[in-house]
Amino acid sequence: MTMTTLMTPATVSTVPGLTAPTPTPLSETKTLTMGKAINEGLRQAMLDDPKVVLLGEDIGALGGVFRVTSDLLAQFGARRVIDTPLAESAIIGTAVGLAYRGYRPVCEIQFDGFIFPGFDQIVSQVAKFHYRTQGAVRMPITIRVPFGGGIGAAEHHSESPEAYFTHTSGLRVIAVSNAQDAYSLIRQAIASDDPVLYFEPKRRYHVKGEVVPELGAPMDQAVVVCPGTDVTLLAYGALLSTARDAALAALDEGVSIEVIDLRSLSPVDYAVVEASVRKTGRLVVTHEAAQSGGLGGEIIATVTERCFSYLESAPVRVTGFDVPYPPAKLESHHLPDLDRILDGVDRVMGRR
């Protein structure tokens with residue numbers, strides 16, 4: 001495979017045998033799965049800007065392992081939907097070159113655990129080019145990463161590597177939890193001049209939700225999804241649904257939980273988080289990734305520094321365990337569930 005055909009912007013009309021699609025933005029509310037919402041967001045971004053190109057393993061004819069890129073090859077052609085070799089380092093490295101020439105590449109990492117061969121390119125090149133060139137070169141690269149467990153997958157297919165990237169200055173890191181954000185945030189990520197790690201919870205791909213054309217809140221803003229007064233509960237990705245279930249269950253015991261969907265993991269929207277903690281006086285953070293060195297610890301440290309006099313008890317983390325991700329038959333014991341989150345709530349409430 002060569003990249004020579006990509007040195008000038010390619011629109012669909014330049015691809016032999018294809019008719020340029022009519023730009024038809026989402027004009028009404030639709031019920032879509034999260035996977036289809038991402039597909040719609042990618043399609044619209046490609047219609048809006050001929051310099052948006054997709055790269056990844058099996059994303060063309062197959063439509064990706066999770067079929068998120070289905071039908072995009074037929075619509076936009078092989079010069080904009082590029083099936084790559086099985087080489088994440090080459091995918092990211094090629095994206096760096098494309099971004100340098102003015103393109104907006106969108107890379108798909110097939111599974112979370114496959115991102116590490118491209119780790120050097122992400123943290124050494126993608127994250128630093130803008131700073132290194134004193135603003136002369138931008139890296140508008142979006143890296144899509146299906147992440148997390150709960151699908152009974154094999155080893156290296158259920159990782160939660162987000163903390164590696166939130167630690168790296170120069171990267172934006174976001175995680176979606178629902179179909180609306182999946183559509184809105186992929187479009188915002190692609191339009192951003194900053195490189196974005198876009199984490200998609202794979203066990204939520206088939207969950208349906210309403211999607212409206214408006215892009216909604218900016219991708220760097222957290223959102224309060226369940227107002228409450230007694231405990232602030234932070235979650236993102238697949239665990240946002242579990243957190244909402246916990247808030248509903250806690251009402252039976254007279255506990256009001258305010259659930260916040262972080263959405264942006266770097267930068268964290270501390271304004272929303274701090275306002276909630278000042279109101280509730282208690283904080284629980286949950287994520288699938290291991291506890292040690294995880295994002296939850298950083299958030300708790302920052303909130304403790306800024307809101308110490310408001311806290312009624314020590315904040316609590318409810319996370320995956322500090323072990324390699326277990327075999328599929330044991331993953332239900334590893335992932336934070338309703339009972340473990342409610343146990344964390346009991347601890348900050350002084351019930352345990």
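**Exercise 1. Decide whether aspartate 337 is buried, exposed or partly exposed, and find where it sits.**

Solution. Start with the number: aspartate 337 has a relative accessible area of 30%. Buried means under 20% and exposed means over 50%, so aspartate 337 counts as partly exposed. Keep in mind that this is a predicted model. Next, look along the chain: aspartate 337 belongs to the loop between helix 11 (331–334) and helix 12 (338–348). Finally, check on threonine 286, which is 51 residues away along the chain. The C-alpha atoms of aspartate 337 and threonine 286 are separated by 9.7 Å.

**Exercise 2. Threonine 286 has a bridge partner in strand 14; which residue is it, and how do strand 13 and strand 14 pair?**

Solution. Go to strand 14 (residues 316–320) and you'll find that valine 318 is the bridge partner of threonine 286. Strand 13 and strand 14 pair in the parallel sense, over five bridges. To get from strand 13 to strand 14, the chain passes through helix 10 (residues 295–307), and this β-α-β crossover is right-handed.

Now try another neighbour of strand 13. Strand 10 (residues 231–235) also pairs with strand 13 in the parallel sense, here over three bridges. Among the bridge partners, leucine 233 goes with valine 284, and leucine 234 with valine 285.

**Exercise 3. Work out the strand order of the open sheet and say which strands lie at its edges.**

Solution. Five strands make up the open sheet, in the order 9-11-10-13-14. The pairing is mixed. Read off the edges: strand 9 (223–226) and strand 14 each pair on one side only. If you ignore direction, neighbouring strands of this sheet are turned by 25 degrees against each other on average.

How enclosed is strand 13? Count its buried residues: seven of the eight residues in strand 13 (residues 283–290) are buried, so the rest of the structure largely encloses this strand.

**Exercise 4. Describe how helix 9 and helix 10 cross.**

Solution. Two packed helices are described by the angle between their axes and the distance between the axes. Take the distance to begin with: the axes of helix 9 (residues 270–280) and helix 10 come within 11 Å. Then the angle: these axes cross at roughly 60 degrees. That makes helix 9 oblique to helix 10. As for handedness, the crossing of helix 9 and helix 10 is right-handed.

**Exercise 5. Compare the backbone and surroundings of glutamine 134 and arginine 263, then look at proline 267.**

Solution. Glutamine 134 isn't a glycine, yet its phi is positive, at about 55 degrees. Arginine 263 is also a residue other than glycine with a positive phi, near 65 degrees.

Now see where they are. Glutamine 134 lies in the loop between helix 5 (129–132) and strand 5 (142–147), and with a relative accessible area of 78% it is exposed. Arginine 263 lies in the loop between strand 11 (257–261) and strand 12, but is buried, with a relative accessible area of 2%.

On to proline 267, in the loop between strand 12 (264–266) and helix 9. The peptide bond joining serine 266 and proline 267 is cis, with omega about 0 degrees.

**Exercise 6. Check the span of helix 1 and say how enclosed this helix is.**

Solution. Helix 1 (residues 34–48) has 15 residues, which should span 21 Å at 1.5 Å a residue. Its end C-alpha atoms are 21 Å apart, so the two values agree. Lastly, 13 of the 15 residues of helix 1 are buried, so helix 1 is largely enclosed by the rest of the structure.

Methods
Residues numbered from 1 in each chain as written. Predicted model: local features only at pLDDT ≥ 70, side-chain atom pairs only at ≥ 80, totals over all residues. Heavy atoms only, no water. Helix = DSSP H or I, 4+ residues; strand = E, 2+ residues; numbered from the N terminus. Expected span 1.5 Å × (residues − 1). Buried < 20%, exposed > 50% of the residue type's maximum accessible area, 1.4 Å probe, protein only. Pairing = 2+ DSSP bridges. Right-handed = clockwise from strand over helix to strand, strands pointing away. Axes fitted to C-alpha atoms, helices over the stretch in contact; angles between N-to-C directions. Parallel < 35°, antiparallel > 145°, perpendicular 65-115°, else oblique. Left-handed = near helix turned anticlockwise from the far one by under 90°.
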